[in-house]
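User: Please take a close look at the sheet in this model and at what packs around it. I would like one connected description.

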Amino acid sequence: MKIGKLLLFVLSLALLVILVVYFVNQKDEQQTPDVSVTQPSDTKDNETNPQNVSEIDENLTNDPENSSGEEEPIDTMEPTPSASPTVEPDTDAKSVSVIVNPDYKLPDNYEPEDLVYPDVRFIFDEKIEKRMLRKEAAEALEKMFEAAEVDGIYLAGVSAYRSHSTQTALFNRYVERDGYEKAKTYSAEPGTSEHETGLAIDVTSSDGKCAAQDCFGGTVEAVWLENNAADYGFIIRYPNGKEEITGYKYEPWHIRYVGVELAKHIDEEALTLEEYYNVSPVKR
Ligand SMILES: [Zn+2]
């Protein structure tokens, strides 16, 4: 009898344990799906609810294990692409991106080594100095004039290369006539004219009516140059509205070869060469 009672007690105890284990298991099973359901919904809320997002951000930054160094580089890197990097002014006379202005003079008696006669129309026939350009600029000019003709625009060269001695003679003539102070307002002092680099040329329409004159502005040829010159590596060197920076009045006819990449950048950002190199405005 005693053994029977004990057996019954043990059996009922075992049954109780089994029941308890069963219910605990069932409770766990009910909770597990609950957790898996609430977790995604929580994260979804966090993505869409700004309040939750800021909570998460706070949690992240407060969490000592989450190194704040991971976030900082992102913050410091963000402004970098928009900030324009400082480009050192190119003062190498032989470089196509050289800056030449009254503050940045060419070396005395600089003469380009690769001057050629570009095969394009000029408003004169003679094969003389002012018809020449450096090879790279000459080839770019030929391509540009060809492309213009496809668009029904007929350009002509007016004046390209000017040697140091020619610029000196020209400037001295103006000084004799008008005095130094006045002469330097409209003519470049020797060593400061872009024409001495062999990379600049004055262009006009094929009729030559407004050669190097204000009336060239607004002509179909001037508009075509504004829109297309950069594709061939040329910039309008003295743009309208930038007189205070370049020191020159608007010269829609004076184009300067700087290479396609730089020309496109300067054109897209509406810069002058002075602004690109972040140098002081030219005082004349
Ligand atoms: Zn010019």
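Analyst: The sheet is described strand by strand, followed by the helix on it and the core.

This is a predicted model, in which local features need pLDDT of at least 70 and side-chain atom pairs count only at pLDDT 80 or more, while totals for chains, interfaces and linings use all residues. Residues are numbered from 1 along each chain as its sequence is written.

The chain has 10 helices and 6 strands; these are DSSP runs, H or I of at least four residues for helices and E of at least two for strands, numbered from the N terminus. An open sheet is formed by 4 strands in the order β3-β4-β6-β5, with antiparallel pairing. Two strands count as paired if DSSP finds at least two bridges between them. β3 and β5 are the edge strands, each pairing on one side only. From one strand to the next the twist averages 45°; axes here are lines fitted to C-alpha atoms, for helices over the stretch in contact, and angles run from 0 to 180 degrees between N-to-C directions.

Taking the pairs in order, β3 and β4 are joined by 4 bridges, and S159 stands opposite D202 in β4. β4 is joined to β6 by 3 bridges, where D202 stands opposite H254 in β6. Between β5 and β6 there are 4 bridges, and I236 stands opposite I255 in β6. β6 is mostly covered, with 7 of its 7 residues buried. A residue is buried if 20 or more other C-beta atoms lie within 10 Å of its own, exposed if 12 or fewer, and partly exposed in between, with C-beta atoms placed from the backbone. Over the chain of 284 residues, 28% are buried.

α4 packs on the sheet and touches β3, β4, β5 and β6, its direction making about 130° with that of β6. Contact between two residues requires C-beta atoms, placed from the backbone, within 7 Å. Leaving aside neighbours within four places in sequence, M144 is in contact with A229, Y232 and F234.

M144 also belongs to the largest nonpolar core, of 37 residues, and is among the members that touch the most others, together with L133, L141, A229, F234, I235 and I255. Such a core is a set of buried Ala, Val, Leu, Ile, Met, Phe, Trp, Tyr and Cys residues joined through C-beta atoms within 7 Å. Elements that each supply at least two residues of this core include α4 (135-150), β3 (155-159), β4 (200-205), β5 (234-238) and β6 (251-257). The largest share, 7 residues, comes from α4.
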